[in-house]
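Here are a few short exercises on reading a fold, each with a worked solution. Have the viewer open and try each task before you read on.

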Amino acid sequence: MKIIVFMFFIMLYTLEAKNYTKHPQAIAVINELVKKHYFSRSELHKLFSHVKVQKSALRAFTPRHKQKRQKDTRTLAQKEKAKRLANKYGSWGRYSRYIVSDNRVASGIAYMKKHRKIFERVEKKYGVAKEYIAGIIGIESAFGKNVGKYPVFDTLSTLTFEKNRRNKFFKKQLIEFLRLSKTEKFNPKNVKGSYAGAIGLVQFMPSNYKPYGVDFNKDGRISLQNPADAIASVANYFKKHGWRTGEPVATRVKYSGTRFKKYKTGYKHTYHRQYLKGIEPRQKWDYKNKVRLIKLNKKNYDELWYGTRNFRVITRYNHSAYYAMAVHQLAQKIKVGLKE
C-alpha cells in the first residue's frame with residue numbers, strides 16, 4: 001500500500017513538472033547564463049529539468065480570446081453580492097475600498113512606528129516623504145503580510161517558455177532573477193512572489209534590483225524582504241524617477257456638475273492651471289507647475305483632483321492613476337494617524 005501511495009505522488013509530481021532543458025528558449029537562456037554570468041551548465045539543467053508550470057500565472061498574460069473559458073463556480077448568493085457591490089460603488093470605490101481601508105491605515109501606522117528610525121534616515125538621505133514609501137509597501141504587500149504565493153523561479157520559467165504576450169519581457173526577468181540568486185546568495189527555488197514574478201515587501205521585478213535596489217542595512221546583500229533595504233529601495237526608485245523633495249502629490253479640486261468631461265484626464269495629460277477654467281482647489285494650494293487632472297469615478301459623480309509631477313513619479317511604479325491615488329490617500333491617512 002505504501003509503495004502504491006508513493007508511486008502516486010511520484011506520478012503526480014511528474015505530471016505537474018515539465019522538463020524545459022530541450023526547449024529552444026531555455027537553451028538560449030542557459031547559454032547566456034553560462035557565457036555571461038558564469039553559471040555551470042549542470043546546475044541550470046537541474047533547475048530547468050523540473051519546472052512546475054504555473055497555469056494561473058500564464059492565464060493572466062494570455063490574450064483573452066485565446067484563453068480557455070472557465071466555468072463560473074460562484075454560488076447564486078455570491079453572484080448577487082457581486083452585483084450589489086457593482087451597483088453600490090463606482091469604479092474608484094470598487095478599486096479603493098480594500099486597499100485604502102481603515103485596517104490598512106492602522107497597519108501602516110503600526111509599521112511606521114515599528115521602523116521609525118529607518119524611515120527617518122531614508123527620508124533624510126533620499127528626500128522622499130516617508131509616508132509615501134509606506135504607502136507603496138502597504139499596497140504592494142500589506143506591510144509584509146502578502147508578499148506572494150507563487151514560486152518565482154517556476155513562474156518566470158513558465159512565462160518565459162510558454163507562449164504569451166510578454167515572453168521577451170519575462171525572459172529578461174528570469175535571467176535577472178537567476179543572476180540575483182548568485183549575487184545575493186539565495187536558492188532560486190525557495191523564493192515566493194506575485195503571479196508576475198515580483199518579489200519582496202515592495203514587489204520589485206528582478207530587473208529593478210540592480211538600478212534601484214539598496215543594501216541599506218549594509219549586510220552585503222540586497223534583500224527586499226528586509227524592511228531597511230525595502231524602504232530605501234522605494235525611496236531610491238522615486239528619487240531616480242524625479243521625485244521633488246517638499247512638493248505636494250495631489251489635491252482635490254471643485255468643478256461645476258457631477259460628471260467631468262471638459263478636459264482630458266489621466267496622468268499623461270498636463271495643463272497650466274490658468275487655462276483650466278472653472279476648476280479650483282478646494283483648499284489653499286501653492287503649487288505653480290503643470291498639473292494633471294485625475295478623475296475618480298464614483299457611483300453618482302466624478303471626483304476630480306490635481307496631480308503634480310510627484311504624482312507622475314508614483315505612476316512609474318505602477319502605470320495607473322488609480323494606483324497612484326491609492327498610494328497618495330493611504331499615505332495621507334497614515335500621516336494624519338501618526339499625529340493623533
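Buried means under 20% relative accessible area, and exposed means over 50%. Keep in mind that this is a predicted model.

**Exercise 1. Work out which residues of α10 are buried.**

Step 1: Find helix α10, which covers residues 152–161.

Step 2: Apply the cut-off of under 20% relative accessible area. The residues that pass are V152, F153, D154, T155, L156, S157, T158, L159, T160 and F161.

Step 3: Tally them up. Ten of the ten residues in α10 are buried, so the helix is mostly covered.

**Exercise 2. Describe how α10 packs on α11.**

Step 1: Start with the geometry. Two packed helices are described by the angle between their axes and the distance between the axes. For α10 and α11, the axes cross at roughly 145° and come within 8 Å.

Step 2: Get the handedness. The crossing of α10 past α11 is left-handed.

Step 3: List who touches whom. From α10 come V152, F153, L156, S157, L159, T160 and F161, while α11 brings N167, F170, K171, Q173, L174, F177 and L178.

Step 4: Sort that contact by chemistry. Nine of its residues are nonpolar, four are polar and one is charged.

**Exercise 3. Do the same for α3 and α11.**

Step 1: Helix α3 spans residues 41–48 and helix α11 spans residues 167–183. Their axes lie 14 Å apart, at an angle of about 120°.

Step 2: Put a word to that angle. Roughly perpendicular stops at 115 degrees and roughly antiparallel needs over 145, so α3 is oblique to α11.

Step 3: Check the hand. α3 passes α11 in a right-handed crossing.

Step 4: Pick out the contact residues. E43, L44, L47 and F48 of α3 meet L174, L178 and K182 of α11. That makes five nonpolar residues, no polar ones and two charged ones.

**Exercise 4. Find the length of α7, and what its buried residues pack against.**

Step 1: Helix α7 runs over residues 102–114, which is 13 residues. From its first C-alpha to its last, α7 reaches 18 Å, close to the 18 Å expected at 1.5 Å a residue.

Step 2: Mark the buried positions in α7: R104, V105, S107, G108, I109, Y111 and M112.

Step 3: Look at what surrounds them. The buried residues of α7 pack against α6, α8, α9, α13 and α15.

**Exercise 5. Place A331 in the fold.**

Step 1: A331 sits in helix α15.

Step 2: Its relative accessible area is 0%, so A331 is buried.

Step 3: Leave out residues up to four places away in sequence, and A331 touches E131 and Y132.

Step 4: Now jump along the chain. A331 and Y111 are 220 residues apart in sequence, yet their C-alpha atoms are separated by 12 Å.

**Exercise 6. F143 and K218: which is buried and which is exposed?**

Step 1: Begin with the backbone. Most residues other than glycine have a negative phi. F143, though not a glycine, has a positive phi of about 60°, and K218 also has a positive phi, near 60°.

Step 2: Locate them. F143 is in the loop between α9 and β3, and K218 is in the loop between α12 and α13.

Step 3: Compare with the cut-offs. F143 has 9% relative accessibility, so it counts as buried. K218 has a relative accessible area of 68%, so K218 is exposed.

How values were computed:
Residues are numbered from 1 along each chain as its sequence is written. This is a predicted model: local features need pLDDT of at least 70, side-chain atom pairs count only at pLDDT 80 or more; totals for chains, interfaces and linings use all residues. Side-chain values use heavy atoms; hydrogens and water are left out. Axes are lines fitted to C-alpha atoms, for helices over the stretch in contact, and angles run from 0 to 180 degrees between N-to-C directions. Helices (H or I, at least four residues) and strands (E, at least two) are DSSP runs, numbered from the N terminus. Angles under 35 degrees count as roughly parallel, over 145 as roughly antiparallel, 65 to 115 as roughly perpendicular and the rest as oblique. A crossing is left-handed if the near helix is turned anticlockwise from the far one by less than a right angle, and right-handed if clockwise. Contact means heavy atoms within 4.5 Å. Ala, Val, Leu, Ile, Met, Phe, Trp, Tyr, Cys and Pro count as nonpolar, Asp, Glu, Lys and Arg as charged, and the others, Gly among them, as polar. The expected span of a helix is 1.5 Å times one less than its number of residues. Buried means under 20% relative accessible area, exposed over 50%, partly exposed in between (1.4 Å probe, protein chains only).
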